[in-house]
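Welcome to this guided tour! Keep your viewer open, and at each stop select what is named before reading on.

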Amino acid sequence: MDSEIAAILAMDGIATGAIYVLIALGFVLIFAVTRVIFVPFGDIAAFTALTLAALETKQLPGTVGLVAALAGLATLMELVSILRAGAFGSIPRAIFFYLLLPLIPAAVVWLTAGTLLPMPLRILLSIALILPIAPLLDRVVFRPIADASVLLLLTVAVALHFALVGLGLLFFGPEGVRTQSLTDYTLNIGDIPVSAQTLLIVAAAAVFSLLLYLFFGFTLSGKALHATALNRTGARLMGIRPNYAGTVAYLLGSVLAAVSGILIAPVNTIFYDSGFLIGLKAFVGAIIGGLVSFPVTAAGSLFVGILESFAAFQSSAFKEVIVFSVLIPVLLWRSYTFAYSEEHPDE
Amino acid sequence: MAVLAIDNVSVCYGKVEAVRNVSLAVEKGGIATVIGPNGAGKTSLLMTAIGLIPSTGRILYDGEDISRLDTEERVEMGFCLVPEKRELFAEMSVYDNLLLGAYSRRGQTAAIRRSIDEVFHRFPRLKERRAQNAGTLSGGERQMLALGRALMAKPRLLMLDEPSLGLAPLITRDIFHIIASLRELGVSILVVEQNARAALETADFGYVMETGEIVHSGPADALITDPRLITTYLGGNEAA
Amino acid sequence: MSTTQSRFAIAIAVLVVATLPYVLAPFSITLLNYIGVYSFVALGLVLLTGVGGMVSFGQASFMGIAAYATAWTSALMGYSPWLGLALALVVTAAVAVVVGAVTLRLHGHFLSLSTIAWGLALYYTFGNLQSLGQYNGIPSVPPISIGSLELIGSTKIYYLIWPLLLLAMLASHNLLRSRAGRAMRALRGGNVLVESLGVNAFWIRLVTFVIAAMLAAVSGWLYAHMSRFVSPTPFDVTMGIEFLMMAMVGGSGYLLGAVVGAALITLLKDGIQDYLPLIAPNAAGQLRIVVFSALFILFLQHARDGVVPFVAQWLPEPARKRPAPANPLPRRTQPVPGQTLMKVEGAQRRFGGLMAVNNVSFEVRSGEILGLIGPNGAGKSTMFNLITGALPVNGGRIIFAGNDLTNAPQRKIARAGIARTFQHVKLRPRMTVLDNVLLGTYARTSSGFLAGALRLDRGEEGCARYETMRQLDRVGLSERAFELAGNLPLGNQRVLEIARALAADPILLVLDEPAAGLRQQEKRALAELLRALRAEGLTILLVEHDMTFVMGLVDRIVVMEFGTKLCEGDPRAVRDNPRVQEAYLGGVA
C-alpha cells in the first residue's frame, strides 16, 4: 500500500467516521440523560434517509403512518395515566404535546404529497417528520420503566430495535434508496479529491461535538439533564423533572440521527434495516468515549471509520469481524477507567 | 399558622403499613422533630410529604393542599428534603452538586454564587474538596454536602432525615447548631432523628414515632425530661 | 411441601414427559423437541444471567460453534456424530475460556455489550468462512445413531433430548445448593463481599460462563443432528436475544424457568405464525417480529420477574429442617494473648492529591479489643480497607501473625485469618440468613463445581451447615435462619455480618461501625457478645462513634485525624486528652 492509497483510504475513513461521530454523539447524549443505550438510533437515521428519498420522488413517506401510529398510542397511554391520577386538567396539554404537535409535520407532508418541494424544504421536512419518533417511543416504551437497571433498559432497547426494523419494512418496503447529493462541488486537498459533501459531514460532526461538549460540561441546564441519569431521585429533589429531561434528550438526539441520515443518504444505498449495522459501528466510537465524553467519542468514531476503511481494503468479507472484535479491547480499557464509586445494588 | 400540616396520612408497601394515620404540624419559623427507632416509618413519612411515594390523607403547605402535586412542584414552592440516603450526584464534583441544589433558583447567577460561598463558609471541608467527585467523599463529608446542597435552594421548609447518621460527636453538634441557626433565616424545619437528645435539645416541638404511629408528642423541653423517654431513647448516647 | 411431596411431583413430571409422544401428533412432538433443545441454552442463561448476574446476548453463538463443529465432523469429514459431540464440547469450551478470560473482568452493561460484540464477530465468521459453506451453510448432516438405531423422526430423538435435559437440570439443581453454587449466587451485588470471604470471584464467573457455553454446545449438537442442516442464521444476535427472552419470561432465577420460558416463546412464535395472517393478511410477514417484540416489551414493563416466580407465590413453602449435628470443621488455634498480632508500619494511601492515610503506625495485640476512633474523613474506613486488602497501600507495611500481608489480595488476607464487617451492611438480601452465614465457611471448605453437581459433597456440606447453625445460635439469630436476609431489620443484619465473620473462624475480627443504627438494648447485647468473644481468645479491632459503647468495651484506643494518628492509649487517658477533645469529642466529656 503506498501513501496515495493510504491517503485515499484515510479520507474515505474520515468521511464515514464523521457520520459515525454524529450517531455516536447521539448515543452518548441519550445515555448521559436517560441511561438508555438507545439501540434503535441507527434505525431512526435510516428512516430519515428513506423519508428524504420518498419526498424526492414525490411519494408519501411511510414515516407519516409510523408517526401517526406512535402518536395515537402515546396519547392513549398518557390519557390512561391522567385518568388514573384524576388530574383531568392536564388532558388538553397531553393531547397537544402527544397528538397535535407530532402530527403537524406529518400533516404538512401529507398535504404537499405529489409536489416536488425545493431541497432545503425537503430536508427540513424530513427532519421535522422524524423528530417526534424517539420522544414518542420514550413515552410508550421507556417511561414506564424509567428507574429500571441499565441492563433491563438495554434489553428493551434491543427488542424495540427489532420492532422498528419490522415496522420499517412495513412502512418503507424492501427497496434501497439513494438521494441526490446536497452539493456536487469537489475540491482538491493536495492531490486528493475531496467532495464538499464530505467536508459538510466533517463540519457537522465538529460543530455538534463542540456544542454538546460545552452544553453538558459548562451550562446549568446541561448538568441538570445529566444529573437525572446519575440520580433520578436526587434530581427530582432539586426540582429537575426527569421526564422532561428525557424528552429533551431524545429530541436533541433525534436531530443528530436525522442529520446523519440526511448526510449519509446520498453516499450509501440505505435499506429499511441498514440502521443497525451503521448504529453498531458508531456505537464502538461511543464506547471509546466511555458513554460519557463527547470529545473522546468523536475521536473514537473517526478511528472506527478509518479502521473500517483500511480493514475493508485488506479483506472486505471480514471487515465486520475486525470492527466488532475491536470493541472488546475497547470495553476492557474503558472498564478500567470507568469509575465504579459504589458497587451496584443487588438487582 | 403551620407551614406544614400532615393530616391523617398512611403509607402502605403492599400489605405492610409503614405509616398509620399520622398527623403532625410544623409551625412557621419553628423546628419540629420526630424521634424514634430504626424502622418506625419516619423515612416513609418524609418521602410521602415531599411526594416521592403515594399515601392516603392530606399534606398541607401554608394551608394549601399539595397532596396531588409532583415532587418537583413542591420543591419549586420552597419545600425541600435531605433524604436518608442523601442521593448525591456521585460522579459530579462537590461544586456541581451545590450548583444543582440551586436549580429552582436558576437565573439568579450572582445570588447563587453568593449562596455557594456561604455554604463553603459553613463547611470549610467542602471548600477544600470542591473539585472532587462527591462519590470520593467520606461518609460524614457527604452528609455535609447533602445539607449544603439543600441550603442552596433557599428553602422555606426543610425536612432532614437523620442528619447525624454516621457523624462524629463533634460534627453532630455543629450540624445541630446549623439547624438551629437556620431559624434566624426564617426557615421552618422538620428533623427526623435517632439521636433523640441532640434533636430534642434543638427543636421546639417533638413527636415520638414507633411502628408507624405517633405515640407521644409535646414541647421538646417537656419530652427531654420525660422519664419514659429517658430510658428508651435518651440513654446517654453521645459524649457531646 | 416436604421432600416426599416434591419427589412425588418430580416422579409425576418424569412420567408425563415419558408418555407424551404416545399422546401427541408428530408435529407437536417436533415442537417439543425444539423446546427441549432451546431449553439447554435457556438453562445456561438461568445459571449465567439469572443466578450469576451476567447478561449475555451471545449464547446463540456457542450453539453455533458446536453445531458447526459437529456438522464439519460428521457431514464434511464423515465421522460419527458422537465424535462431533466431543469436538463440539472441546471447541466450545476452548472459545468460552478465551472469551471469558478476556471479557469477564467487565461489569454490568459493559459485559453485556461485549457479548453482543463477540456474538456478532462469531456470526460474521461463520458466514464468511469458505470451509463452512459461508451463508449457505452445511447441508446433509447425518442423524445421531445409538448402535444401529438411527434417531430419525421426531419421537426417537425426543427420547434423547428430554432425558438429557432432565439430567442437566438435576445437576444444575445440585450445583446451586452446593458450596460452588452459593458462591455463584453471591456474585450479584459486587465483588468486595465475596472476595473478603475468600472467594475468587473471577474464577467462579469464568466457570459459570463455561458451563453455560457447554450447555449451549449440547443444544447445538442436538440441533444440528435434528434439523440435519447448519447455517449461520439460527445463531445470530436475534436468536441470542430470543434465548435471553426465554430465560427472562420463564423466570431467570429459576431452573424450571428455562423450560417454561423456552416453551412459552416457542409456542408464542408458532402461534403468531399461525394466527397473524388471519388478523393482518397483507402485513403478516413484517408484523410478526413487531408483535413478538411488542409483547416482549410489554412483558418487561409489567412482569419482569417471569412466570415461575409468579406461580410460585401460591405454592406451599418447602419445609426447612434445622441442620443435623455433624463433625466440626477444623479450627485454627488462637494465639497466646498479649503478643503483637498485627503491626501496621507507616501505612500510606493517596486519592489523587489527598493523603487519606498518612504514615500511620500502630499494633494490635492478641486477645484485646482495640478501638479506632476519629472525626469523619479521618481515614478510619480507608485504614480498614488497607488492612483487609480492599484497597492497596501506596507505602508502608502490614504484618499479620508474622506474615507480610501488604497489598495481598482480599482472598489471601481472609484465608490468613482476618474477617470483617462493613460500614454499610453487605449481604445478599435474596439469600437466606443461613446461606449468607454459610458463605463465611467458604475458605474452610473445598468442594468444587463437579462435586457439587454430582452431590459428592454431602459430608462437607453437613459439617459447614452445622457450624453455621452454631454461630447463629451464638448471636441469637437461629430462629430466623430460613428468612431472607433482606427482610431483617438493620440491627439483625449487623449481627448477621458478625455471625458470618465468626463462621470463618478468624483470628482477628475487624468491625466497621457495628453499633451504628442499633437501639440501646441491641447495643448492650452486642457489647456482651464482643466481650464473650474476647474471653475465648479472639482479637477484635473496631471503629465506632458511640463513645459510651466504646469506652465500656475496648482495652485500648487509637485516635486518627486528617489521615494521621493523633494518639493512642487506654480509654480513660484518650478521653481526657485535650487534643482528642478538641478534634473529636467536643470539649465536654
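**Stop 1: where chain A meets chain B**

Start by showing chains A and B together: their contact takes 18 residues from chain A and 22 residues from chain B. Keep in mind as you look that this is a predicted model. On the chain A side, select α9 (220–230) and α10 (232–237), each of which supplies at least two residues. Which helix gives the most to this side of chain A? The answer is α9(A), with 5 residues. Colour this side by class and you will find 9 nonpolar, 5 polar and 4 charged residues.

**Stop 2: where chain A meets chain C**

Now hide chain B and bring in chain C. Here 39 residues of chain A are in contact with 42 residues of chain C. On the chain A side, the elements giving two or more residues are α7 (150–172) and α14 (319–337). Select α7(A) in particular, since it provides the largest share, 16 residues. By class, this side of chain A has 29 nonpolar, 5 polar and 5 charged residues.

**Stop 3: the largest nonpolar core**

Stay with chains A and C. The largest nonpolar core has 393 residues, and those with the most contacts inside it are I23(A), L25(A), F27(A) and A42(C). To see the element with the largest share of this core, select helix α9 (residues 201–227) of chain C, which gives 18 residues.

Next, centre the view on A42(C). What does A42(C) touch, beyond residues up to four places away in sequence? Its partners are F243(C), M246(C), A247(C), G250(C), A258(C), G261(C) and A262(C).

**Stop 4: two packed helices in chain C**

Select helix α3 (residues 59–76) and helix α4 (residues 81–103) of chain C. They pack at an angle of about 145°, and their axes are 8 Å apart. Turn the pair around until you can see one helix in front of the other: the crossing of α3(C) and α4(C) is right-handed.

Show some side chains to see who makes the contact. On α3(C), the residues include F62(C), I65(C), A66(C) and A69(C). On α4(C), they include L85(C), L87(C), A88(C) and V91(C). Does this contact hold many kinds of residue, and how many of each class? There are 12 nonpolar and 5 polar residues, and no charged ones.

**Stop 5: the domains of chain C**

Zoom out and colour chain C by domain: domain 1 (20–312), domain 2 (337–417 + 506–589) and domain 3 (424–505). The centres of domain 1 and domain 3 of chain C, taken over C-alpha atoms, are separated by 33 Å. Between these two domains, 18 residues of domain 1 are in contact with 20 residues of domain 3.

On the domain 1 side, select α6 (154–176), α7 (179–185) and α8 (191–196) of chain C, the elements that give two or more residues. The largest share comes from α7(C), with 6 residues. This side of domain 1 divides into 10 nonpolar, 5 polar and 3 charged residues.

**Stop 6: two loop residues in chain C**

Most residues other than glycine have a negative phi. Select Q134(C), in the loop between α5 (108–128) and β1 (145–146) of chain C. Its phi is near 50°, a positive value. Is Q134(C) buried or partly exposed? Q134(C) is partly exposed, because 14 other C-beta atoms lie within 10 Å.

Then jump to R455(C), in the loop between α17 (449–453) and α18 (458–475) of chain C. R455(C) also has a positive phi, near 55°. With 16 other C-beta atoms within 10 Å, R455(C) is partly exposed.

**Stop 7: inside chain B**

Finish with chain B, which is divided into domain 1 (1–78 + 155–240) and domain 2 (89–154). Their C-alpha centres lie 23 Å apart. The contact takes 11 residues from domain 1 and 9 residues from domain 2.

For a last close-up, pick I50(B) in the loop between α1 (42–49) and β4 (56–61) of chain B. I50(B) is buried, because 20 other C-beta atoms lie within 10 Å. Now add F79(B): I50(B) and F79(B) are 29 residues apart in sequence and 7.5 Å apart in space, C-alpha to C-alpha. Leaving aside neighbours within four places in sequence, the contacts of I50(B) are T71(B), R74(B), F79(B), L81(B) and M159(B).

How values were computed
Residues numbered from 1 in each chain as written. Chains lettered and ligands numbered in written order. Predicted model: local features only at pLDDT ≥ 70, side-chain atom pairs only at ≥ 80, totals over all residues. Contact = placed C-beta atoms within 7 Å. Helix = DSSP H or I, 4+ residues; strand = E, 2+ residues; numbered from the N terminus. Nonpolar A, V, L, I, M, F, W, Y, C, P; charged D, E, K, R; others polar. Domains from an automatic or database assignment. Buried ≥ 20, exposed ≤ 12 C-beta atoms within 10 Å, placed from the backbone. Core = buried A, V, L, I, M, F, W, Y, C linked by C-beta atoms within 7 Å. Axes fitted to C-alpha atoms, helices over the stretch in contact; angles between N-to-C directions. Left-handed = near helix turned anticlockwise from the far one by under 90°.
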